[in-house]
Amino acid sequence: MNEVSNNNNHVPFNNINQGTVAVESSRAITEAQGKLLLAKQFPRNYTNCYATAIEACQRKGFADKAFFAYPRGGQTVTGVTIRFAEELARCYGNIDYGFKELSHEEGKSEMQAYAWDLETNTISVQNFTVEHIMETRQGNRKLTSQRDVYERTANDASRRVRSRILAILPPDLVEDCIKECKKTLAGQNGIPFKDKVKNMVVAFAKYGVTKEMLEKRLDHTVESISEDELTEYIGIFNGLAQKETTVSDWFEQPKTASQMTALLEEAEKEEKEKAQKEEKK
């Protein structure tokens, strides 16, 4: 197993419950074997992973949450958030990541943050200690409630998890995604194709054209619409908006109750006429 180490703090393991470790180790081995097997059966396609990640960065809602900034020593520290790292890990696929509390004692917790590429079997691990205190302008405040302790350890762990994920991901993917998010925030990106499709469905609904009606005319799902089909439907919509055409010109509309009654009466009439003709014969 390849290991990318980044252990800034030495952590003693004297307080770890050995019985719990034995049980968890057995369970973890079985779980890890399953993850490795699935990763080998369904390997990632880097081209698709890259395209998916770039598309995610083109969404303003995601780009808004991609960066952080905070003051330190009279300077501003900036970087990418844990949400950014998690989204890239999702797009890249076959990555297991998270954090664990190795031990808990009065005043501190021993933690571990990790990211594991299941395909290459490369793991990045960092062990660290979290003091159960809250830094305030009035000085350090000791944390006593379990909720406060958890929030402090989880907050510290998230920053380490972010670093471990970024250590596993290809540097060019991370750099290109950062650039793409910045372009999105600057308003330099067009609307992603999937969002254009969603906007089309919403726009047609204003004219009483449902998603089902669109799909019946397409003869497949809206989600699988092609660029050429989308262009065509934009033209149809413009025609409706400019009142040059009507919905019935393009789409088969659901029958109303009165229309259904009229169809049934027409069918009954045809059956009677057919029966009369048979009698005359």
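What pLDDT does the protein average, and what percentage of the residues score at least 70? The structure is a predicted model, with an average pLDDT of 82 and 85% of the residues at 70 or above. Among its elements, helix α4 (residues 82–92) has the highest mean pLDDT, 96, whereas strand β1 (residues 2–5) has the lowest, 47. The pLDDT is below 50 over residues 1–13, a stretch that nevertheless has 33 contacts in the model beyond near neighbours in sequence. Where pLDDT is low, the predicted coordinates should not be read in detail.

Several interactions converge on R44 and Y92. A salt bridge joins the side chains of E119 and R44, with an N to O distance of 3.9 Å. This pair links distant parts of the chain, 75 residues apart: E119 is in the loop between β5 (108–117) and β6 (122–131), and R44 is in the loop between α1 (18–41) and α2. E119 counts as buried because its relative accessibility is 18%, and R44 is likewise buried, at 17%. The charged end of R44 also sits over the ring of Y92, 3.9 Å from the ring centre.

The search of the whole structure for aromatic pairs returned 8. In one of these, the ring centres of Y46 and Y92 are 6.3 Å apart and the planes lie at 85°, so the arrangement is edge-to-face. Because Y46 lies in helix α2 and Y92 in helix α4, the pair ties together parts that are 46 residues apart in sequence. Y46 is partly exposed, at 31% relative accessibility, whereas Y92 is buried, at 9%. A further edge-to-face pair is formed by F204 and Y233, with centres 6.1 Å apart and planes at 75°. F204 belongs to helix α7 (residues 193–205) and Y233 to helix α9 (residues 227–241), so this pair connects parts 29 residues apart in sequence. Both F204 and Y233 are buried, and together with Y207, F237 and F251 they form one aromatic cluster. Elsewhere, the charged end of K100 sits over the ring of Y114, 5.3 Å from its centre.

In total, 18 salt bridges were found in the whole structure. One of them joins the side chains of R152 and D156, at an N to O distance of 3.3 Å. R152 and D156 are separated by about one helical turn because they are 4 residues apart in helix α5 (residues 146–168). R152 is buried, with 18% relative accessibility, as is D156, with 7%. The side chains of E252 and K216 also meet in a salt bridge, at 3.3 Å from N to O. E252 is in the loop between α10 (247–250) and α11 (257–280) and K216 is in helix α8 (residues 211–218), a pair 36 residues apart that links distant parts of the chain. Both E252 and K216 are exposed. In addition, salt bridges with shared partners join E31, K35 and D96 into one network.

No disulfides were found, the search of the whole structure giving 0. C177 takes part in none, and its nearest cysteine sulfur, that of C57, is 3.8 Å away. The sulfur of C181 also has its closest cysteine sulfur in C57, at 3.5 Å, which is too far for a bond. C177 is buried, with a relative accessible area of 0%, and C181 is buried at 0% relative accessibility.

E55 is placed in helix α2 (residues 46–57). At 19% relative accessibility, E55 counts as buried, because the cut-off for burial is under 20%. Not counting residues up to four places away in sequence, E55 touches P192 and K194.

Key
Residues numbered from 1 in each chain as written. Predicted model: local features only at pLDDT ≥ 70, side-chain atom pairs only at ≥ 80, totals over all residues. Heavy atoms only, no water. Helix = DSSP H or I, 4+ residues; strand = E, 2+ residues; numbered from the N terminus. Buried < 20%, exposed > 50% of the residue type's maximum accessible area, 1.4 Å probe, protein only. Contact = heavy atoms within 4.5 Å. pLDDT = per-residue confidence, 0-100. Disulfide = S-S within 2.5 Å. Phe/Tyr/Trp six-rings, centres within 6.5 Å; stacked < 30°, edge-to-face > 60°. Lys NZ or Arg CZ within 6 Å of the ring centre and 35° of its normal. Salt bridge = Lys/Arg side-chain N within 4 Å of Asp/Glu carboxyl O.
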